[in-house]
Amino acid sequence: MINVRAKICGIRSESDLRAVVAADADAAGFISGTTHFSEDVLDAERARRLSRLVPASMERVLVTHLTDAGDVLRLADRIGVDCIQLHGLISLDTVRAVQRDAAGRRVIRAVHVTGPDAVGAAMRAAPNCDGIVLDSRSADRLGGTGRTHDWSISARIVGLLAESEFPVMLAGGLNPRNIDAAIAAVGPSWVDVNSGVDDSRGDKNPSDCSDFVRAAHAVAALNAAPARPRAE
């Protein structure tokens, strides 16, 4: 059974956050501490102010490229989050160190799906974190590319981790128009969107945010609905 939850990332203003809250998203992502380009990066103080406005029903996620465990944990403490998304090019030792000292926060690790080798990378990452996010990347971006990747590779990863019910988030080029196809092809437990719900200024479009979350939650509702009795 697929029970899909939705995260909206790249929140950079109070108006962005209002759109995400109104959409009833399950998680709000704040990008801070980067090594590669992101137009949505926030300094720690700005991220902290926005994080404090998130309702208790919504998970607050730090998305960071930082590669030192101590730096990651200090940033998470400063901003005040419930989940740490390690989206940089980091070692498994760093992931383990962050998880060891995460103080109850979920730790998820990005696996960039650039080819079949992502399957092995995901299998190595899974025992050392609380979830993985399968994302696209480019030469200068570790996320927020607006590009999809080979969903058949992501589907294989989901299948290999299905027996343990390990959480897998799908990201990369998702938007309200392709979310149904993405979920059907991959079967993730989470979906993650950033630029796919942005307007021409890079701000979150309330209508697109709502459509995206509604589509993800519709899958959960469909799976939860009781089967209709068969006509005699």
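Display the molecular surface of the chain: its accessible area comes to about 10700 Å², and carbon and sulfur atoms account for 49% of that area. The model on screen is predicted. Colour the chain by burial next; of its 232 residues, 53% are buried.

Switch to a cartoon representation. The chain forms eight helices and eight strands. If contacts are drawn between residues at least 6 apart in sequence, 59% of them join residues at least 24 apart.

**The nonpolar cores**

Select Ile132, Ile157 and Val191, the residues with the most contacts inside the largest nonpolar core, which has 64 residues. Keep Ile157 in view and show its surroundings. Beyond the neighbours within four places in sequence, Ile157 touches Ala118, Val119, Ala122 and Met123, and also Ile132 and Leu134. A second core, separate from the largest, has 12 residues, among them Ala27, Ile31, Ile108 and Val133.

**The second largest cavity**

Empty space inside the model is the next topic. Rolling a probe the size of a water molecule over the atoms shows where such space is left. Two cavities of 30 Å³ or more are present in the structure. For the second largest cavity, select Arg106, Ile108, Gly131, Ile132, Pro167, Met169 and Trp190, which form its lining. Strand E5 and strand E6 (131-135) are the elements that each give two or more residues to this lining. The space enclosed is about 30 Å³. Coloured by class, the lining shows five nonpolar residues, one polar and one charged. Two of the lining residues link this site to the cores already visited: Ile132 lines the cavity and is named among the residues with the most contacts in the largest core, while Ile108, also in the lining, is included in the second core.

**The second largest pocket**

Stay with strand E5 (106-112) and add helix H5 (117-125); each supplies at least two residues to the lining of the second largest pocket. Which element gives the largest share of that lining? It is H5, with five residues. The pocket has a volume of about 240 Å³. Its lining comprises 14 residues, and those closest to the centre of the pocket are Arg109, Ala110, Val111, His112 and Ala121. By class, eight of the lining residues are nonpolar, three are polar and three are charged.

**Two residues with positive phi**

Most residues other than glycine have a negative phi. Two loop residues merit selection in this respect. Ala103 sits in the loop between helix H4 (92-100) and E5, and its phi is positive, near 55°. Is Ala103 buried or exposed? Its relative accessible area is 73%, over the 50% cut-off, so Ala103 is exposed.

Move to Glu165, in the loop between H6 and strand E7 (168-170). Glu165 is not a glycine, yet its phi is positive, about 55°. With a relative accessible area of 69%, Glu165 is exposed.

**Helix H6 and Gly159**

Finish on helix H6 (residues 151-161), where Gly159 is found. Gly159 has a relative accessibility of 49% and therefore counts as partly exposed. Select Pro188 as well and draw the C-alpha to C-alpha distance to Gly159: the two residues are 29 apart in sequence and 9.5 Å apart in space.

Conventions: Residues numbered from 1 in each chain as written. Predicted model: local features only at pLDDT ≥ 70, side-chain atom pairs only at ≥ 80, totals over all residues. Heavy atoms only, no water. 1 Å grid on protein atoms, 1.4 Å probe; cavity = no way out; pocket = protein on both sides within 12 Å on 5 of 7 lines; lining within 4 Å. Points joined across faces, edges and corners; volume = space filled by probe spheres on them. Helix = DSSP H or I, 4+ residues; strand = E, 2+ residues; numbered from the N terminus. Nonpolar A, V, L, I, M, F, W, Y, C, P; charged D, E, K, R; others polar. Buried < 20%, exposed > 50% of the residue type's maximum accessible area, 1.4 Å probe, protein only. Contact = heavy atoms within 4.5 Å. Areas by Shrake-Rupley, 256 points an atom, 1.4 Å probe, with all protein chains shown as cover. Core = buried A, V, L, I, M, F, W, Y, C linked by side-chain atoms within 4.5 Å.
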